[in-house]
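Let's take a friendly walk through this structure, from its interior to its metal site. Have the sequence and the model open as you read.

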Amino acid sequence: MNRRSLAIAILVVLLLAIPLVVTSTYHMRIVNLALVFGLLAVSLNIVLGYTGQVALGHSGFFGIGAYTAALITEGGSGLLFWPGFLAAGIVTGIAGLAIGIPALRLRGHYLALATLGFGEIMRHVFFNWREVTRGMDGISGIPAPSIGIVELQGEGSYFYLALAILALAVLFCWRLQASKYGRMLAAIRDAELAAGTSGVNVARLKIAAFFISAVLAGFSGSLYAHLIRFISPDAFTFFEVTAPVLSMVIIGGVGTLIGPVLGAVVLTFLPELLRVSDAYYQLIYGAGLAAMVIFLPMGLLGALHGRLFGLFRPRAPASPASAGPPPEESAEAPDMVRAAALLSPKGGIGTGAVFEARGLTCRFGGLVAIDALDLQIQAGTVHALIGPNGSGKSTFINLATGIYQPTQGSIRFLGQEVAGARPWKVAAAGLARTFQNLRLFRSMTVRGNVLVAAVADRPAGWFETLLSLARSRAEEADLHARTEQALRLLGLWHLRDQLIRTLPHEQQRLVEIARAVAMRPRLLMLDEPAAGMNPVEVERLVTAIGRLRELGITILLIEHNVPLVMRLADRVTVLNFGRKIAEGEPDAVREEPEVVTAYLGQRLSDRLRQNNAA
Ligand code: ADP
Ligand code: MG
């Protein structure tokens, strides 16, 4: 038995002994409340921590679960507990969808406000829908739960039930976090746009997170109703439920596995411990909360990390300092045969124009960023798109990859219209990109970033993935193999376990390219990949682009480095003020007078400005 399982075994024994040690019913009640709120905190953490969405309506979900369970079991026997429990999960899950789908359009403060409003509305519903909820009188006569014919009278037996349900929820979250879905949720949290263009169906995953969170909140509401055996609207307010649960998640450690439960235990007991000094308890409680947030910004779990046998290990892997010196990069030249087997574009190189924009126009208010642009990209070529700053190059990529909607015009990719399509649809069709201003998944390692985008031949579904069935394990192996090849291709394999934020800028640019390559794209759009690179790094980039070409990936290259464009490009399009002013072979384009004034003219003026500044 290793240390980790030993620690878990000891923890389980200690937990199971609690009802034997705690003899006061009152204290057991508080322990049980901590479990109920622990489950609710785990639920909130899925939306807040895993997905990065600030949702403040959990009092509503908690209440819906409690009322559903109460109405089903009221005055009946404990045998009704399980039907009521399941119904609470289902009804609350449906409510979660009803909130989650419209909330997709909202972000940040707006989402917080909308969900806060939902919680308030539900409080009014509980209060005013008297025919069903009995209003202020509340619902009493809720039975104690039963398992089979064994009625769980007493706080001690309730404890084991609640503990088992909480443990299952934590186990579920553990599987979720460790799965591809956990990576995708974290990607949405870290960089939503890049998650979308990496093929993550952002809308579906956000809704899924909302749904799962709501179901768990409904379960915890049901547990609450059967613990207190009486419910009324004042138990489901922002200040009774949402605010404390939010504090539990934040204090325990947002996005961690066990943190929210720990936070729930601490925050349920703290007021009890502080009650000894009755007069000052609110003050001490408030000051304590503030101090924790200030001094333990990573939450309790962050502070405990590494001390408890590594049991409560946060998700970020070991820091690079402990990983030893990385091996030399020269030792990892890619095996092009293997790379081709795993990363060749899905559907082959193709022939003719893989991409065609016609009459493409994009306006921002009065500004025309792209003006009636026609552009074709031929299969297997490197097509450069150049032009002065602000000429619309990045806007063009944003239009092509579903980030911006065109005002007019069409974009056909592999014969399919993609103008206005969602980013993940475009990504799935085989169009990948990088961002001029890096958008990486900052909480992850180099490898984690690329894994998010990797595409397997036989993707596993939710069920297979969460249960880690054979198909899902095969998929994971497949994703890891492709990720390794993509990293080797870019000369990044020795950096695979480094956290992304510890890398210098130019290596982060290469990670963005590796992430795009792992999607096995037909067409890859690179937005100023050499920006900020020194000549040695530029040579490395040239080698990498050569390898991508060898794989059969068609490339659109936006680049300011004119000699680099002349070396790499088969064809060049020049933009100025969103309009195409020249197109053709690199050498011919360079000579065109309009290009010289528009493009090199600006370069010269840049040079002059630099000289003046120096
Ligand atoms: P480039 O990449 O060629 O330097 P961009 O495509 O980034 O140029 O920008 C083209 C023009 O469109 C610029 O004037 C820029 O300010 C404007 N623009 C780009 N994106 C937006 C936006 N989201 N809202 C308003 N204006 C934008
Ligand atoms: Mg740009």
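## Two nonpolar cores

Start at Leu223: leaving aside neighbours within four places in sequence, this residue is in contact with Val36, Leu39, Phe81, Phe85, Tyr158, Leu161, Ala162 and Ile165. Bear in mind that this is a predicted model. Leu223 belongs to the largest nonpolar core, which has 92 residues, and ranks with Ile231 and Phe236 among those with the most contacts inside it.

There is also a second, separate core of 49 residues, and Leu342, Leu440, Trp493 and Ile545 are among its members.

## An enclosed strand

Next, find strand E5, residues 382–386. Why is it described as largely enclosed by the rest of the structure? Five of its five residues are buried, so the strand has that character. Val382, Ala384 and Ile386 point one way, while His383 and Leu385 point the other way, and all are buried.

E5 pairs with two strands. Four bridges join it to E10 (residues 554–558), running parallel, and here Val382 has Ile555 as its bridge partner. Four bridges also join E5 to E11 (residues 571–576), again in parallel; in that pairing Ala384 is matched with Val572.

## The magnesium site

Which residues coordinate the magnesium ion (ligand 2)? They are Ser394, through OG, and Gln436, through OE1, at 2.0 to 2.1 Å. The pair links distant parts of the chain, 42 residues apart: Ser394 is in helix H16 (residues 393–400), and Gln436 sits in the loop between strand E8 (431–433) and helix H18 (446–453).

Are these two buried or exposed? Ser394 counts as partly exposed because its relative accessibility is 21%, and Gln436 is partly exposed too, with a relative accessible area of 27%.

Terms used
Residues numbered from 1 in each chain as written. Chains lettered and ligands numbered in written order. Predicted model: local features only at pLDDT ≥ 70, side-chain atom pairs only at ≥ 80, totals over all residues. Heavy atoms only, no water. Core = buried A, V, L, I, M, F, W, Y, C linked by side-chain atoms within 4.5 Å. Buried < 20%, exposed > 50% of the residue type's maximum accessible area, 1.4 Å probe, protein only. Contact = heavy atoms within 4.5 Å. Pairing = 2+ DSSP bridges. Donors = N, O, S within 2.8 Å, 3.2 Å for Na, K, Ca; no water.
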